[in-house]
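Work through the exercises below with the sequence and the structure at hand. Try each task before reading its solution.

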Amino acid sequence: MLNKNLRLFHLGWVIILIGALLAHFIQTSGGISIRDIRFNGNNGQVMSGLLYVPPGVTAENKAPAILAVHGYINSRETQSGFAIEYARRGYVVLALDQSGHGYSDGPAFANGFGGPGALAYLRGLDIVDTDNIGLEGHSMGGWTVLAAAATMPDAYKSLVLEGSSTGAPFAMEGTPEWPRNLAVVFSKYDEFSQLMWNVDRAQDVAGSPKLQAVFGTDQAVVPGEVYGDIAQGTARILHMPNTTHPGDHISPEAIGYSIDWFAETLEGAEPLPSSDQIWLWKEIGTLIALVGFVVLLAGTFQALLGTQAFAHLRNNPVKAAHSERGAKWWLGFAISAFVPVLTYYLFFGWGEQLFPASALLPQTITSQIAFWAVLNGLIVFLVGFVLRGEKVDARGNILGSILIALATVGIGYLFVLAADFLFKIDFRFWVVALKPLSLVQAKIALVYLVPFTLFFVLALRGLHTGLSVAGDSRLKQYLSNIGALALGFLVFLAFQYGWLLFAGHLFSIEEPLNTVIAIQFLPLMTIIAFLSTFTYRRTGSYLPGAFINALFVTWYIVAGQATQFPVS
């Protein structure tokens with residue numbers, strides 16, 4: 001019996017190992033080494049980064065270097081597509097955790113976002129050719145490297161802004177002479193065109209007066225045409241790949257333009273064409289590992305449930321709330337799926353106003369998500385009393401459910417730690433990323449665990465005791481629950497990005513950040529529904545799934561968010 005219960009667990013770690021090995025071999029292709037580093041930035045701030053070192057680079061055989069920086073509420077691993085391709089071409093690459101992100105000290109935005117300190121550190125490495133240093137930053141990472149360029153105007157040779165801009169609100173105004181040798185890579189469907197270049201549609205960025213001032217022209221900038229002179233440091237070029245703002249990270253076109261610009265403006269790199277890119281296989285590897293992690297959690301739970309310690313939790317669901325999918329069921333399903341989306345912007349706005357960053361709640365966006373979640377949990381809970389079908393026994397063993405949840409997520413956490421230690425990867429695809437918590441983040445997570453636990457207890461009680469249907473097959477039950485949690489976000493994102501595709505801007509043009517954040521909700525809600533359904537089918541209780549998801553989601557969000565208030 002125990003061996004049978006271990007099959008899914010074994011499958012999970014095998015999938016993780018396959019993905020981890022693939023990602024590892026791709027990011028170390030050709031002998032590249034990756035070092036997890038900490039260094040002192042400005043004002044004693046401890047900064048974190050991944051240092052990619054090509055083979056054969058030594059103090060006697062120096063190499064050109066690039067500082068690569070992620071955007072807001074991302075981390076150093078988000079830049080891996082850029083970093084891998086730069087390192088393959090012979091550049092030493094510092095992929096930075098900017099201030100208050102990843103493992104760098106907070107708060108976010110401090111000390112020039114960490115850019116000046118990072119550039120000083122990179123220049124201090126004896127393996128770096130300090131006459132050939134490039135800077136690359138995506139979104140807020142662009143402002144990070146611009147802060148470095150403003151602080152040390154002669155310490156770099158060229159700069160690439162991916163989905164970013166000079167000038168207000170967070171950077172020095174650009175001129176035809178500053179920053180040096182600038183490439184602007186601004187995608188045709190970038191959601192932040194208003195913030196960055198003061199145009200409603202990203203396709204119109206070439207006509208932005210703000211951009212034209214940097215290029216030294218009063219005419220529309222011609223994409224692909226070099227303005228100024230590389231030798232004088234005044235060169236400028238605009239590229240417009242066919243993707244979105246977060247899409248820059250997984251766009252061979254966007255990454256390729258940056259490769260080409262550094263090849264033109266820096267010396268000492270390998271003449272490898274920009275079309276030769278392998279980073280996507282690393283992204284596929286970490287996606288496989290992320291899928292394996294979800295399988296591992298389910299397998300761990302099943303294995304634990306097969307032991308004597310947790311045998312008392314084993315039970316089948318006693319009764320379904322509905323005999324069939326009638327009008328009342330469909331109304332409850334629609335409320336579960338679409339009310340969270342309809343309240344998304346509103347509750348996020350209230351959360352930002354009511355819970356500014358503080359010592360207790362130091363992550364602004366995490367606070368917004370928690371506030372939105374609790375209110376929606378209450379809505380689903382209250383609606384359940386009005387629309388429920390037959391009364392379903394909602395009791396469960398609280399202590400046993402907590403203990404099995406802690407053991408399940410704890411074992412999963414060990415695998416994430418092992419992957420980080422052995423292969424220097426997290427479990428991710430694109431902006432969906434799961435990584436180990438720092439000690440500071442672990443302390444922060446303990447506070448946010450309270451509201452997220454409340455949400456999952458309320459929401460999953462409503463899901464399993466309010467929307468269960470008698471006679472549902474296993475597949476229908478999984479799909480129904482995934483739909484109840486994720487369908488609203490699927491429709492919401494399809495509408496927003498369909499509007500962006502045809503109109504050139506989001507329907508909610510004033511909400512680019514929160515719209516981009518919502519992209520993560522779709523896979524996250526799918527995982528939540530899968531895990532909760534898996535545990536409910538084996539215990540007849542919503543509590544184990546509620547506690548597992550509370551631990552997992554709190555960990556996921558806190559590890560990936562910016563910390564806006566200084567905590568230690």
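**Exercise 1.** Describe how helix α13 packs against helix α14 in this predicted model.

*Solution.*
Step 1. Find the two helices: α13 covers residues 439–466 and α14 covers residues 474–503.
Step 2. Take the distance and the angle: the axes come within 11 Å and cross at roughly 140°.
Step 3. Classify the angle. Only angles over 145 degrees count as roughly antiparallel, and 65 to 115 as roughly perpendicular, so α13 is oblique to α14.
Step 4. Give the hand: the crossing of α13 and α14 is right-handed.
Step 5. List the contact: Leu460, Leu463 and His464 from α13, with Asn481, Ala484 and Leu485 from α14.
Step 6. Sort these residues by class: four are nonpolar, two are polar and none is charged.

**Exercise 2.** Describe the crossing of helices α8 and α12 in the same terms.

*Solution.*
Step 1. Helix α8 spans residues 279–305, and helix α12 spans residues 398–423.
Step 2. Their axes come within 9 Å and cross at roughly 140°, which means that α8 is oblique to α12.
Step 3. The hand of this crossing is right-handed.
Step 4. Residues of α8 in the contact include Phe293, Leu296 and Phe301, while those of α12 include Ile404, Gly412 and Phe415.
Step 5. The contact of α8 with α12 has 13 nonpolar residues, three polar and no charged.

**Exercise 3.** Decide for Ala206 and for Pro523: buried, partly exposed or exposed?

*Solution.*
Step 1. Place Ala206: this residue sits in the loop between α5 (193–197) and α6 (209–215).
Step 2. Ala206 has a relative accessible area of 12%. Buried means under 20%, so Ala206 is buried.
Step 3. Look at the surroundings: leaving out residues up to four places away in sequence, Ala206 touches Leu211, Gln212, Gln219, Ala220, Val221 and Leu238.
Step 4. Place Pro523: this residue belongs to helix α15 (residues 512–539).
Step 5. The relative accessibility of Pro523 is 29%, so Pro523 counts as partly exposed.

**Exercise 4.** Which residues touch the most other members of the largest nonpolar core?

*Solution.*
Step 1. The core in question has 143 residues.
Step 2. The residues with the most contacts to other members are Leu67, Tyr344, Trp372 and Phe427.
Step 3. Take Trp372 as an example. Setting aside neighbours within four places in sequence, Trp372 is in contact with residues including Pro340, Tyr344, Phe489 and Met525.
Step 4. Another core, of 28 residues, lies apart from the largest one, and among its members are Phe82, Ala83, Val93 and Ala254.

Note on methods
Residues are numbered from 1 along each chain as its sequence is written. This is a predicted model: local features need pLDDT of at least 70, side-chain atom pairs count only at pLDDT 80 or more; totals for chains, interfaces and linings use all residues. Side-chain values use heavy atoms; hydrogens and water are left out. Axes are lines fitted to C-alpha atoms, for helices over the stretch in contact, and angles run from 0 to 180 degrees between N-to-C directions. Helices (H or I, at least four residues) and strands (E, at least two) are DSSP runs, numbered from the N terminus. Angles under 35 degrees count as roughly parallel, over 145 as roughly antiparallel, 65 to 115 as roughly perpendicular and the rest as oblique. A crossing is left-handed if the near helix is turned anticlockwise from the far one by less than a right angle, and right-handed if clockwise. Contact means heavy atoms within 4.5 Å. Ala, Val, Leu, Ile, Met, Phe, Trp, Tyr, Cys and Pro count as nonpolar, Asp, Glu, Lys and Arg as charged, and the others, Gly among them, as polar. A nonpolar core is a set of buried Ala, Val, Leu, Ile, Met, Phe, Trp, Tyr and Cys residues joined through side-chain atoms within 4.5 Å. Buried means under 20% relative accessible area, exposed over 50%, partly exposed in between (1.4 Å probe, protein chains only).
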